[in-house]
Amino acid sequence: MSYKNKRPKVAIVMGSQSDYSTMKICEKVLKILKIKYETKIVSAHRTPKRMYEFATATEKNGFSVIIAGAGGSAHLPGMIASLTKIPVIGVPIESKKLKGIDSLLSIVQMPKGIPVGTVAIGKDGAINAGLFAASIISISNKTIRKNLSAWRNKQTNSVKKKPN
Ligand code: RP5
């Protein structure tokens, strides 16, 4: 099982190339925390076969967490979650017409039975998705727990006591 992996790995997937400007922030966070990742474009509606093959192989391929970004009628995270028991974090991409409200509601309103952990719309959500993946991994990995603590301490120390 993936939770026994010495070197845990996160899958970052997205529905389109246009999502990458948001989703590459997940890569940045995971890099800082020294967590291995693989990034792919997997669309639930444009490449359904690729999506099925990816999702059904995630356990065998040793992923610990899946981060899935999607915009509009954003069914990718839920579809993937229905095909694997690995935790899925959904990132609602900020869509042009509805500013990501469509993406957020599509991802967060999963009917009971198949959960998707949902973060905020856009880049803040992508950062938190990376950090959330690290938190999940840190339960069973001391090194990542240390890296995440160091990141939190750095954040705390960067907050000035007074505004200027
Ligand atoms: C979704 O459709 C993608 O996740 C993307 O956010 C949205 C628009 O895709 P493009 O038309 O920009 O390729 O599948």
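The following conversation goes through the ligand site and several single residues of this predicted model.

Biologist: What should I keep in mind about the numbering and the values?

Modeller: Residues are numbered from 1 along each chain as its sequence is written. In this predicted model local features need pLDDT of at least 70 and side-chain atom pairs count only at pLDDT 80 or more, while totals for chains, interfaces and linings use all residues, and side-chain values use heavy atoms, with hydrogens and water left out.

Biologist: Which residues surround the ligand, and what makes a residue count as near a molecule?

Modeller: A residue is near a molecule if one of its heavy atoms lies within 4 Å of it. The ligand is surrounded by Gly15, Ser16, Ser18, Asp19, His45, Arg46, Ala70 and Gly71. This shell divides into one nonpolar, five polar and two charged residues, where Ala, Val, Leu, Ile, Met, Phe, Trp, Tyr, Cys and Pro count as nonpolar, Asp, Glu, Lys and Arg as charged, and the others, Gly among them, as polar.

Biologist: What makes the pair formed by Asp19 and the ligand a polar contact?

Modeller: A polar contact is a pair of N or O atoms within 3.5 Å; within protein, one must be able to donate a hydrogen and the other to accept it, and residues adjacent in sequence count only if both atoms are side-chain atoms. A polar side-chain atom of Asp19 lies 2.6 Å from an oxygen atom of the ligand, so the pair meets that limit. An N or O atom in the side chain of Ser18 is 2.7 Å from a ligand oxygen, and for a polar backbone atom of Gly71 the distance to a ligand oxygen is 3.0 Å. The protein buries 69% of the 360 Å² that the ligand exposes when taken alone, with areas from the Shrake-Rupley method and a 1.4 Å probe, and for residues only the protein chains shown count as cover.

Biologist: Why is Thr58 called buried?

Modeller: Buried means under 20% relative accessible area, exposed over 50%, and partly exposed in between, using a 1.4 Å probe and protein chains only. Thr58 has 0% relative accessibility and therefore counts as buried. Thr58 lies in the loop between helix 2 (48–56) and strand 3 (63–70), where helices (H or I, at least four residues) and strands (E, at least two) are DSSP runs, numbered from the N terminus.

Biologist: Why is Ser138 called buried, and where does Ser138 lie?

Modeller: Ser138 has a relative accessibility of 9%, so this residue counts as buried. Ser138 lies in helix 5, residues 123–138, and a polar atom of the side chain of Ser138 is 2.7 Å from the backbone oxygen of Ser135.

Biologist: How do you know that Ile136 is partly exposed?

Modeller: The relative accessibility of Ile136 is 24%, which falls in between the two limits, so Ile136 counts as partly exposed. Ile136 lies in helix 5, and although Ile136 and Pro87 are 49 residues apart in sequence, their C-alpha atoms are 8.8 Å apart in space.

Biologist: What makes Lys34 an exposed residue, and what is its phi?

Modeller: Lys34 has a relative accessible area of 61% and is therefore exposed. Lys34 has a positive phi of about 60° although this residue is not a glycine, and its place is in the loop between helix 1 (20–32) and strand 2 (36–41).

Biologist: Why is Gly113 called exposed?

Modeller: Gly113 counts as exposed because its relative accessibility is 68%. Gly113 lies in the loop between helix 4 and strand 5 (117–118).
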